[in-house]
Amino acid sequence: MTKGGMETVAVFNSEGKGRGLKAAKEFWAGDVIFAERAYAAVVFDSLTHLICHNCFKRHERLHRCGQCKFAQYCDRTCQKDAWMNHKSECSAIKKHGKAPTENIRLAARILWRIEREGGGLTEGCLVSIDDLQNHVEHLGEEEKKELRIDLESFLEFWPPESKQFGMQYISHILGVINCNGFTLSDQRGLQAVGVGIFPNLCLVNHDCWPNCTVIFNNGKIELRALGKISPGEELTVSYIDFLNVSEDRRQLLKKQYYFDCTCEHCEKKIKDDLMLAVKEGSEKPSKEAVKDVIQFSKETLEKIDKARSEGIYHEVVKLSRECVAKQEVVLGETNIYLLRILSIISEVLSYLQLFDEAAGYSKRMVDGYLKLYHPNNAQLGMALMRTGVTHWHAGLIEVGHGMICKAYAILLVTHGPSHPITKDLEGMRIQSEMELRMFQQNEFLYYKMREAALQNQKIQIMPEPTNEISPGIFQKKQ
């Protein structure tokens, strides 16, 4: 089936998974298989005053809608572009007195579009909103209670002059959002800022070791090939981060997306041994010692979450140092509990501008990641970029430049050359290459110039650490 620019893919029945998408032609690493604009999308409740409600870019000064006083835009162009989708919302917010939550706003935007265009196939869509999975029948008691609360909130907000939809249909839309909402990121791809529904993307099934990745770029999602894909091969993405053992990934997928993962990596428990690796050597740690350290790691992660949420970063560093000291005598370098702490401490030390110490921890982290992640994984690329920049700022220019180059090669595939983060990385690659040449020609002069530059200019590096998840695939309402 092909329609409106979707000739590169075909819908088919995937064994044991229901509908899926397969390639209608050959693709290579970095190819854009298709791009899709959101059927409807909204900014997260916590960021409505910081992010443009049309293009989802972060801006210092936004222009507020003069009527509802809620929607915010970069400029008049964005405001004008958004009017068709905002018009009914604007009027409803004025009458309601305040804006409802993001899920209610998204459901309303979907239903206003259905009111305008009907619920059938729209231009460029391979599947209608009516035909998307809602999994309402799989909801537990607590989730059913949340759905009833959302229904009540929606009915309070929905204007009487708009088309009236039945309770079952509204429940279907809320269910679709709950399991098919895709997280949108800001222009640099570093922070999750909103949620949208992309019908074609909803047809792409999960695999823990996928052949595609999804990125939000310039107002559209892009499905990008991670390697060679043959005609007729199923297209897959990973709904969750790979860095969990197979049993934990399966439980998470069952809880959030209501299916049992039967991918090869889960069935054969591929890389589970590396993720739970223990210290190698003449004396292997006892099972009791491993169990104790993993329990200590879990308890420390909870304490770290609390300290991070309160912005007490020196406490995060203290807890992390203590935890790594206990972990490194028992756990292997690819153990996910060690890697989680290394990720946190390297990020926070970089934020505190303690680059020398951060570099050591971040190097161990990416060495572990390189043995676990798919070679073209976006998370791996971002981790290599952060680690490369940390080494660069620590004056370790050779290692830093090498990591920046590796990160750039991955992001060319996962994000593409036009994505702002790839462009930023290209600038870093060129700058670090120039500095590396200077270092190789005259090491003493390089350090003297670097010292002078540091005295004159405060280095700005990572954004403030947060507990927020990095932009992933489908967002599940927590």
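These are my notebook entries on two sheets and a few helices in a predicted model.

**Entry 1: the sheet with S3, S11 and S10**

I started by asking in which order the strands of this open sheet sit. Reading across, I got S3-S11-S10, three strands with antiparallel pairing. Next I looked up the edges: they are strand S3 (32-36) and strand S10 (212-217), and each of them pairs on one side only. Going from one strand to the next, the twist averages 20°.

A reminder to myself on what holds such things together: strands of a sheet pair through backbone hydrogen bonds, and they can be parallel or antiparallel.

Then I zoomed in on S10 and its partner. Strand S11 covers residues 220-225, and six bridges join S10 to S11, with the two running antiparallel. I picked one residue to follow, Cys-212, and found Ala-225 of S11 opposite.

Which helix lies across S10 and S11? I found helix H13, residues 397-414, and noted that H13 runs at about 115° to S11.

**Entry 2: the sheet with S4, S8 and S7**

On to another open sheet. Here I wrote down the order S4-S8-S7, again three strands paired antiparallel. Strand S4 (40-43) and strand S7 (182-185) are the edge strands, each pairing on one side only. The twist from one strand to the next averages 30° in this sheet.

How many bridges link S4 and S8? I noted four, in the antiparallel sense, with S8 spanning residues 192-197. For a concrete pair, I clicked on Val-42 and found that the bridge partner in S8 is Val-195. Helix H2 (residues 102-117) packs on this sheet and touches S4 and S8. The direction of H2 makes about 155° with that of S4.

**Entry 3: helix H8**

Last stop, a helix. H8 takes in residues 287-309, which is 23 residues. From first C-alpha to last, H8 reaches 33 Å, close to the 33 Å expected at 1.5 Å a residue.

Which residues of H8 are buried? My list includes Val-290, Val-293, Ile-294, Ser-297, Thr-300, Leu-301 and Ile-304. Ala-307 and Arg-308 are buried in H8 as well. A handy thing to remember while reading such a list: an α-helix has 3.6 residues a turn, so residues three or four places apart point the same way.

I also checked what covers the buried residues of H8, and the cover includes helix H9 (313-327) and helix H10 (336-351). After H8 comes Gly-311, and its phi is positive, near 75°.

Definitions and conventions: Residues numbered from 1 in each chain as written. Predicted model: local features only at pLDDT ≥ 70, side-chain atom pairs only at ≥ 80, totals over all residues. Heavy atoms only, no water. Pairing = 2+ DSSP bridges. Axes fitted to C-alpha atoms, helices over the stretch in contact; angles between N-to-C directions. Contact = heavy atoms within 4.5 Å. Expected span 1.5 Å × (residues − 1). Buried < 20%, exposed > 50% of the residue type's maximum accessible area, 1.4 Å probe, protein only.
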